[in-house]
Amino acid sequence: MTDSVALDPVDLHILRLLQNDARTTYRDLAAAVGVAPSTCLDRVARLRRSGVILGHELRLDPAKLGRGLEALLLVQVRPHRRDLVGPFVDRLRELPESRALFHLTGPDDFLVHVAVTGTADLQRLVLDEFTARPEVARVETRLIFQQWECGPLMPPA
């Protein structure tokens, strides 16, 4: 685990604002936090260099792209060995249906968030890409009815 980075109140304000809208201009960001635009630019660059800011992402609506059904797949891999886990993870990350992948502790080894066109597509994905693999012992499916974004991630108080 990496060490945390010391952040002052201005850094925290910048991070909060950028998490709410990563397209905010440096001029608007600087005005909101009360520093000069050049200072704001320097601070954001430092936050990137230190690894606090990992990047910017574009969020898309899966339903508007024809993938209106989302599910969480709980996957058990047996045997749970590094030589099997690496290729398994690589394959899952290549699948166009995969949205996120988590390696877990407990009875399930992976949680995979997928977006598919419908139930037949989900069945095809589970049977052809998961249970057909020799290392996959079990797949349990949970449909996602609705999801919400949560507030900005901030360090503990």
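Helix H4 (residues 82-94) lies across S1, S2, S3 and S4, running at about 160° to S2. A second helix, H5 (residues 119-130), also packs on the sheet. In this predicted model, H5 touches S1, S3 and S4, and its direction makes about 20° with that of S1.

The sheet beneath these contacts is open and has 4 strands, in the order S2-S3-S1-S4, with antiparallel pairing. Its edges are S2 (98-103) and S4 (136-144), each of which pairs on one side only. Neighbouring strands are turned by 20° against each other on average, with direction ignored.

Going through the pairings one by one, S2 and S3 are antiparallel partners over 5 bridges. Histidine 103 has phenylalanine 110 in S3 as its bridge partner. The S2-S3 hairpin leaves 6 residues between the strands, and glycine 106 in this hairpin takes a positive phi near 95°. As background, most residues other than glycine have a negative phi, and most peptide bonds are trans.

Next comes S1 (residues 69-77), which pairs with S3 in the antiparallel sense over 7 bridges. Here leucine 74 stands opposite leucine 111 of S3, and leucine 73 has valine 112 of S3 as its bridge partner. In a regular strand, side chains alternate between the two faces of the sheet. S1 is also joined to S4 by 8 bridges, again with the strands running antiparallel. In that pairing, valine 77 stands opposite valine 136 of S4. S1 is mostly covered, with 8 of its 9 residues buried.

Just past S1 there is a cis peptide bond, which joins arginine 78 and proline 79 with an omega of about -10°. Proline 79 sits in the loop between S1 and H4.

Back in the sheet, histidine 113 deserves a closer look. This residue is found in S3 (residues 110-116). Histidine 113 has a relative accessible area of 12%, so it counts as buried, the cut-off being under 20%. Leaving aside neighbours within four places in sequence, histidine 113 is in contact with Glu70, Ala71 and Leu72, with Glu97, Ser98, Arg99 and Ala100, and with Ile144 and Gln147.

The helices that come before the sheet in sequence make their own set of contacts. H1 (residues 9-20) packs against H3 at an angle of about 80°, with the axes 11 Å apart. The two helices are therefore roughly perpendicular to each other. On the H1 side, Val10, Asp11, Ile14, Leu15 and Leu18 take part, and they meet Cys40, Arg43, Val44, Arg46 and Leu47 in H3. By class, the residues of the H1-H3 contact divide into 7 nonpolar, no polar and 3 charged.

H2 (residues 26-33) also meets H3 (residues 37-49): their axes come within 8 Å and cross at roughly 100°. This pair, too, is therefore roughly perpendicular. H2 brings Tyr26, Arg27, Leu29 and Ala30 to the contact, while H3 brings Pro37, Cys40, Leu41, Val44 and Arg48. Sorted by class, the H2-H3 contact has 7 nonpolar, no polar and 2 charged residues.

Isoleucine 14 gives a residue-level view of this helical part. It lies in H1 and is buried, with a relative accessible area of 0%. Not counting residues up to four places away in sequence, isoleucine 14 touches Leu29, Val33, Cys40, Arg43, Val44 and Leu47. Arginine 59 is 45 residues from isoleucine 14 along the chain, and the C-alpha atoms of the two are separated by 20 Å.

The cysteines round off the description. Cysteine 40, listed among the H3 residues that meet H1, has 0% relative accessibility and so counts as buried. Cysteine 150, at 70% relative accessibility, counts as exposed. A disulfide is a covalent bond between the sulfur atoms of two cysteines. A search of the whole structure finds 0 disulfides.

Definitions and conventions: Residues numbered from 1 in each chain as written. Heavy atoms only, no water. Buried < 20%, exposed > 50% of the residue type's maximum accessible area, 1.4 Å probe, protein only. Contact = heavy atoms within 4.5 Å. Axes fitted to C-alpha atoms, helices over the stretch in contact; angles between N-to-C directions. Parallel < 35°, antiparallel > 145°, perpendicular 65-115°, else oblique. Nonpolar A, V, L, I, M, F, W, Y, C, P; charged D, E, K, R; others polar. Pairing = 2+ DSSP bridges. Disulfide = S-S within 2.5 Å.
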